[in-house]
Amino acid sequence: AIYTTQLSLDSYFRDDLDGTHQETLRRFFGSVLVSMYSLFQCVSGGISWYEVADPLVELHWSYGLLMCLLVAFTSYAVLNIVTAQFVESAMQSARQDGDHVIQMQIEEEK
């Protein structure tokens with residue numbers, strides 16, 4: 001968030017872009033808090049990430065690539081964590097179920 005804010009403010013004060021792109025950069029990256037909010041929206045599906053990346057691409061193509069990598073990494077990391085939670089829960093339930101079956105068989109033999 002800090003890096004994207006710095007990029008947008010540098011270009012905003014250098015007047016490298018036209019007014020529309022400057023306004024879009026200010027809207028998505030005008031401050032660190034706004035940048036954090038914009039990046040959170042990109043990752044969580046609140047806003048399309050290419051809408052936020054387009055003004056960065058106007059500055060330089062590598063900033064768009066950086067945005068793409070950020071969204072991909074965050075999405076896959078979150079997906080991996082959620083999947084791990086489901087697998088762990090299923091494994092724990094399977095262990096408890098197996099223990100319960102063994103206990104029931106022992107009680108039946110008595």
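The secondary structure of this chain comes to 5 helices and 0 strands, where helices (H or I, at least four residues) and strands (E, at least two) are DSSP runs numbered from the N terminus, and the elements follow one another as α-α-α-α-α from that end. The model is predicted, with local features needing pLDDT of at least 70 and side-chain atom pairs counting only at pLDDT 80 or more, while totals for chains, interfaces and linings use all residues. Residues are numbered from 1 along each chain as its sequence is written, and side-chain values use heavy atoms, with hydrogens and water left out.

Of the 110 residues of the chain, 23% count as buried, a term for under 20% relative accessible area, as against exposed for over 50% and partly exposed in between (1.4 Å probe, protein chains only). The chain exposes about 8,000 Å², of which carbon and sulfur atoms supply 61%; such areas come from the Shrake-Rupley method with a 1.4 Å probe, and for residues only the protein chains shown count as cover. Among contacts in the chain with a separation of 6 or more, 49% join residues 24 or more positions apart, contact being defined as heavy atoms within 4.5 Å.

Helix α4 (residues 49-59) and helix α5 (residues 61-109) pack at an angle of about 150 degrees, and their axes lie 6 Å apart. These axes are lines fitted to C-alpha atoms, for helices over the stretch in contact, and angles run from 0 to 180 degrees between N-to-C directions. The two helices are therefore roughly antiparallel to each other, the word used for angles over 145 degrees. On the α4 side the residues that meet α5 include Trp49, Val52 and Leu56, and their partners in α5 include Trp61, Met67 and Val71.

Within α4, Val52, Ala53, Pro55, Leu56 and Leu59 are buried. They cover an arc of only 155 degrees around the axis, which puts them on the same side of α4; the arc is that of the directions from the helix axis to the C-beta atoms.

Helix α3 (residues 32-44) contains serine 38, and glutamine 41 lies in α3 as well. The table gives the relative accessibility of each residue and its contacts, leaving aside neighbours within four places in sequence.

| Residue | Relative accessibility | Contacts |
|---|---|---|
| Serine 38 | 2%, buried | Phe28 and Ile47 |
| Glutamine 41 | 17%, buried | Gly46 and Ile47 |

Key: Angles under 35 degrees count as roughly parallel, over 145 as roughly antiparallel, 65 to 115 as roughly perpendicular and the rest as oblique.
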